[in-house]
Amino acid sequence: MARITVFDTTLRDGEQSPGATMTPAEKLRMAHQLDALGVDVIEAGFPVSSPDDFGAVRSIARDVRRPVIAALARTTEGDIERAAQALAEAARPRLHVFIATSDLHLRHKLGIARDECLERAARAVELARRHTDDVEFSAEDATRSDIAFLCRVVEAAIEAGATTINIPDTVGYAYPSEMRSIITTLREAVKGIEGIVLSVHCHNDLGLAVANTLTAVEAGVRQVECTVNGIGERAGNASMEEIVMTLKVRGELLGHDTGINTKEIYRTSQLLALLTGIHPQPNKAIVGKNAFAHEAGIHQDGVIKHRMTYEIMTPQLVGAPGTRLVLGKHSGRHALERRYRELGYELSREDLDRCYRLFKLLADQKKTILDEDLITILHHGTMEDSPQVFRLAELEVVCGGRTSEARVRLANGSGPEREATATGDGPIAAAFAAIDTLTEMTVELEDFTIRAATPGRDALGEVQLRARVDGKTLTGRGASTDVVDAAVRAYLHALNKAVYARELEARALEESSYLWGV
Ligand code: KIV
Ligand code: ZN
């Protein structure tokens, strides 16, 4: 059993993802989370590339003390000096130097011969060693390099003092058996390789980054380079969460572990998505929105009876919210009955039969069935035309400063209009807070989206939201040329549904046709 070093390059290679730029402050926040996650090495940036990158590496080196902090440099003296300066205050600095070794790159990109490449690699490692004992050397485009030449360069780098040798599959071209063969050859042919840490860095152009990384581990590699959510150049890098969870879930097969606190995985993924605006696709392994959602009836039934029937790990293990049974056209009676029970209804066999029939009809027209649909089905009412108990009479907001303020006047049924003022982090939050004071309802916002429904500057802003009120998930929609107004209307829409649901429930209770759960 070996302890695999997790080298996280989210802040360097990951940030090279189109649109993933982070400010130095955001990088520092992410670095603290990577520390909490338990990564061994944080590659904080490429200091010579910009003053911002330099600043980010320097502040991370200063503030984040447990993991090794690495900075990238080409083989030039200028790059290495700049990276060393950025790392000056690090508790555990690592200089990471790289040069391409494939003939394609040497000829067309660098315009140098193999001998020159060999010399530059060795010299750069020597220079880096003057600053720190922890020096990593990467042979860019290693997997498309002549293997005999790759062995020579790696040997020269080790002789010059490299302590980690990294084999990048820079363009995501390698196939797992090829990766195994490269690592095996290096381990057999290179003098001194047993004394260093061998690493891989795989890109995902063919979707094989994680497979190549794990095959390399099987072949003897002990450091894996990866990014959170698999972000990175083009199709991205090997995904940290997929590598770590495969090592954990298939531990009996692979026999290695990492120092990652897996319960921090989901939080880390969410933070990165928040900072970059790049969200993992819904079906992304481990951290996607649907990674622990089950819709097929047979699957839902199985998970209800024993979760391991269709779940190889629990969502809790990666810190994700619990298993979601998504009600849709593939859901069965068991899942429907369970959701009604969670909403507080114990249905008789006849009611369940009737609801299930209506549910199936509705599910043919609507992809996802929400709690409000179930309540509608049960009570034969329609939520769409739920009475508007709360109506917006007036809205005024002051925003643009540190906090925003909103004054909301609401009509409540046939009673007098009432008004409240509240502050919040933005005008929408302030307006929602004012409404909460007036309605005295506890609302948990689960989802909120604004989009321009029409083109142009005077576009109609459409707000769709999902909120949890009284333990039920309800949707709200509103549209206006003013997005705060649209948001308030969407919020009131959901609250009016909640009031109506209460009314329907009260009526049903009076008629005593349902037994209520606790
Ligand atoms: O993909 C690559 O080759 C790299 C190196 C700089 C390690 O990112
Ligand atoms: Zn890379």
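Buried residues account for 54% of the 518 residues in the chain, so keep a surface-accessibility colouring switched on for this tour of a predicted model. 

**The whole chain**

Start with everything displayed as a cartoon. There are 17 helices and 20 strands to find in the chain. Along its principal axes, the C-alpha trace spans about 85 × 55 × 40 Å. If you draw a contact map beside the viewer, take the contacts between residues at least 6 apart in sequence: 65% of them join residues at least 24 apart.

**First stop: α1 and α2**

Select residues 24–37 for helix α1 and residues 51–63 for helix α2. Two packed helices are described by the angle between their axes and the distance between those axes. Here the axes come within 9 Å and cross at roughly 35 degrees. The crossing of α1 past α2 is right-handed.

Now show side chains. On the α1 side, the contact is made by Pro24, Lys27, Leu28, Ala31 and His32. Facing them from α2 are Asp52, Asp53, Ala56, Ser59, Ile60 and Asp63. Colour this contact by residue class and you will find 5 nonpolar, 2 polar and 4 charged residues. As you look along the helices, remember that an α-helix has 3.6 residues a turn, so residues three or four places apart point the same way.

**Second stop: α8 and α9**

Next, select residues 209–218, which form helix α8, and residues 240–249, which form helix α9. Their axes come within 10 Å and cross at roughly 45 degrees. With that angle, α8 is oblique to α9. Look for a right-handed crossing as α8 passes α9.

Which residues of α8 and α9 make the contact? From α8 they are Val210, Thr213 and Leu214, and from α9 they are Glu242, Ile243, Thr246 and Leu247. By class, the residues of this contact divide into 4 nonpolar, 2 polar and 1 charged.

**Third stop: the loop before α9**

Stay with α9 and select the loop between β9 (223–226) and α9, where Asn229 lies. Arg234 also has its place in the loop between β9 and α9. If you have a Ramachandran plot open, this is a good moment to use it. Most residues other than glycine have a negative phi. Asn229, although not a glycine, has a positive phi of about 60 degrees. Arg234 also has a positive phi, near 50 degrees.

Are Asn229 and Arg234 buried or partly exposed? Asn229 counts as buried, at 10% relative accessibility, whereas Arg234 counts as partly exposed, at 43%.

**Fourth stop: α11**

Select residues 265–276 to bring up helix α11. This helix has 12 residues and reaches 17 Å from its first C-alpha to its last, close to the 16 Å expected at 1.5 Å a residue. Of those 12 residues, 9 are buried, so α11 is largely enclosed by the rest of the structure. The buried ones are Ile265, Tyr266, Thr268, Ser269, Leu271, Leu272, Ala273, Leu275 and Thr276.

Bring α1 and α9 back into view here, as what covers the buried residues of α11 includes both helices. Then step past the end of α11 to Gly277, which follows it and has a positive phi, near 75 degrees.

**Fifth stop: α16**

Helix α16 is your next selection, residues 427–439. Its 13 residues reach 18 Å from first C-alpha to last, close to the 18 Å expected at 1.5 Å a residue. Buried in α16 are Pro427, Ile428, Ala430, Ala431, Phe432, Ala434, Ile435, Leu438 and Thr439. Following α16 is Glu440, with a positive phi near 55 degrees.

**Last stops: Glu446 and Asp485**

Move along to strand β17, residues 443–452, and centre on Glu446. Glu446 is partly exposed, with a relative accessible area of 36%. Try a distance label from its C-alpha to that of Arg466: the two atoms are separated by 5.4 Å, with their places 20 residues apart along the chain. Not counting residues up to four places away in sequence, Glu446 touches Arg466, Ala467, Arg468 and Thr473.

Finish in helix α17, residues 483–511, by selecting Asp485. At 14% relative accessibility, Asp485 counts as buried. What does Asp485 contact, leaving aside its neighbours within four places in sequence? Show Leu392, Leu395 and Ser480, and you have the contacts of Asp485 on screen.

Notes: Residues numbered from 1 in each chain as written. Chains lettered and ligands numbered in written order. Predicted model: local features only at pLDDT ≥ 70, side-chain atom pairs only at ≥ 80, totals over all residues. Heavy atoms only, no water. Axes fitted to C-alpha atoms, helices over the stretch in contact; angles between N-to-C directions. Helix = DSSP H or I, 4+ residues; strand = E, 2+ residues; numbered from the N terminus. Left-handed = near helix turned anticlockwise from the far one by under 90°. Contact = heavy atoms within 4.5 Å. Nonpolar A, V, L, I, M, F, W, Y, C, P; charged D, E, K, R; others polar. Parallel < 35°, antiparallel > 145°, perpendicular 65-115°, else oblique. Expected span 1.5 Å × (residues − 1). Buried < 20%, exposed > 50% of the residue type's maximum accessible area, 1.4 Å probe, protein only.
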